[in-house]
Amino acid sequence: MGTIRKVGDILRLFSENDPELGLSEIARRMNLSTSGTHDLMDELRKIGMVQRVGRGRYRLGPMIASLYRVLINTSSLVDTSRPILERMVKDYGETVHLTVLDRSRLVVADAIEGWKALRVARGILDQGLDVHETPVGMLHLSVAGEARQNAYWGDHTHARTPLLPPERRTAELDDMARRGFAEGPIATERDIVCLAALLRNHTEIPLAAISICIPRSRYDEQPRAYRTICQTTAARISHELGSRAT
């Protein structure tokens with residue numbers, strides 16, 4: 001099991017900002033020996049999880065792309081959400097994301113870019129943002145449980161965007177969890193407003209969230225309407241997932 005966890009942690013090192021990593025950097029970030037890291041990377045290369053792109057340098061391999069396509073093509077969450085999200089974008093023209101929380105990382109499971117002339121790019125949440133830098137990330141944290149929250153705070157003490165003071169942080173998370181909703185700016189894009197709502201399944205457990213990203217100039221014209229759109233869309237998806245909440 002220890003080796004499996006190491007493999008998972010190594011694969012998580014790769015991101016849009018760090019698509020290619022050297023052997024020594026992987027060893028340093030994993031706190032492993034260079035020889036042990038080499039052996040692990042060589043085994044991952046043999047099964048296609050990573051590919052070698054230069055002397056001692058690696059990228060994610062073709063099996064990752066294949067598994068991702070299988071996940072997207074077979075995921076009931078994405079399959080259920082997609083038609084409703086497409087309809088929302090068609091009706092209102094705003095960019096929408098479907099997200100899940102993977103440990104301390106926000107993962108975009110699906111995204112549809114809006115069609116209005118002034119619109120938010122679908123890659124807005126794929127910029128290596130920390131979870132606490134977005135309202136949708138904070139919403140996920142609000143229902144992640146105290147242990148995961150504390151682990152996240154501990155790992156991000158010196159984050160690019162400073163954490164809120166503990167008391168304010170707790171109050172905001174409690175309010176988000178109670179409402180199942182969050183809104184506010186994205187840390188790196190202050191002229192964009194992100195609204196997010198939780199999705200629940202038949203056991204009423206939050207399993208994902210949708211978020212709508214809107215230029216602030218347009219949001220400020222009718223904030224209440226956009227909140228209603230986000231929450232109504234989330235309720236429709238949750239209903240299709242089996243939730244009986246009203």
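How many residues lie between S7 and S8 in their hairpin, and which residue in the turn has a positive phi? Five residues separate the two strands, and the residue in question is Glu204, with a phi of about 65°. This hairpin is a good place to begin a tour of the structure, which is a predicted model.

Before the details, an overview may help. The protein chain contains 10 helices and eight strands. Its C-alpha trace spans about 60 × 40 × 40 Å along the principal axes. For a chain of 246 residues, a compact globule would have a radius of gyration near 18 Å, so the 19 Å of this chain agrees with that expectation. Buried positions make up 41% of the 246 residues. Among contacts with a separation of 6 or more, 58% join residues that are 24 or more positions apart. The accessible surface amounts to about 13,500 Å², and carbon and sulfur atoms contribute 50% of that area. As for charge, the chain carries 34 positive and 31 negative charges, and the mean positions of the two sets are 2 Å apart.

With that picture in mind, the hairpin can be followed further. Strand S8 covers residues 206-215, and because eight of its 10 residues are buried, the strand is largely enclosed by the rest of the structure. One partner of S8 is strand S7, formed by residues 189-200; the two run antiparallel and share nine bridges. Within this pairing, Ile192 is matched with Pro215 of S8. Strand S4, residues 95-102, also pairs with S8 in the antiparallel sense, here over five bridges. In that case Thr95 is found opposite Cys213 of S8. As a rule, side chains in a regular strand alternate between the two faces of the sheet.

A second set of paired strands involves S1, S2 and S3. Strand S2 (residues 50-54) runs antiparallel to S3, and four bridges join them. These two strands also form a hairpin, with two residues between them. Gly56 sits in the turn and has a positive phi of about 70°. Strand S3 itself comprises residues 57-60, and it pairs in the antiparallel sense with strand S1, residues 20-22, over three bridges. Arg57 is a helpful landmark for the reader here: this S3 residue is the bridge partner of Gly54, and it also stands opposite Gly22.

Two individual residues round off the description, beginning with His156. Where does His156 lie, in a helix or in a loop? His156 belongs to the loop that links helix H7 (146-155) to helix H8 (166-179). Although placed in a loop, His156 has a relative accessible area of 13%, and since buried means under 20%, the residue counts as buried. Beyond its neighbours within four places in sequence, His156 is in contact with Asp130 and Leu163.

The other residue is Thr232, which is part of helix H10, residues 223-240. Its relative accessibility is 30%, so Thr232 counts as partly exposed. Thr232 also offers a link back to the opening hairpin, by way of Ala197. These two residues are 35 positions apart in sequence, and their C-alpha atoms are 9.1 Å apart in space. Ala197 falls within the range of strand S7, residues 189-200, the strand that forms the hairpin with S8.

Note on methods
Residues are numbered from 1 along each chain as its sequence is written. This is a predicted model: local features need pLDDT of at least 70, side-chain atom pairs count only at pLDDT 80 or more; totals for chains, interfaces and linings use all residues. Side-chain values use heavy atoms; hydrogens and water are left out. The radius of gyration is taken over C-alpha atoms; the globule rule is 2.2 Å times the number of residues to the power 0.38. Buried means under 20% relative accessible area, exposed over 50%, partly exposed in between (1.4 Å probe, protein chains only). Contact means heavy atoms within 4.5 Å. Accessible areas come from the Shrake-Rupley method with a 1.4 Å probe; for residues, only the protein chains shown count as cover. Lys and Arg count as positive and Asp and Glu as negative; His and the chain ends are not counted. The place of a charge is taken as NZ of Lys, CZ of Arg, CG of Asp or CD of Glu. Two strands pair if DSSP finds at least two bridges between them.
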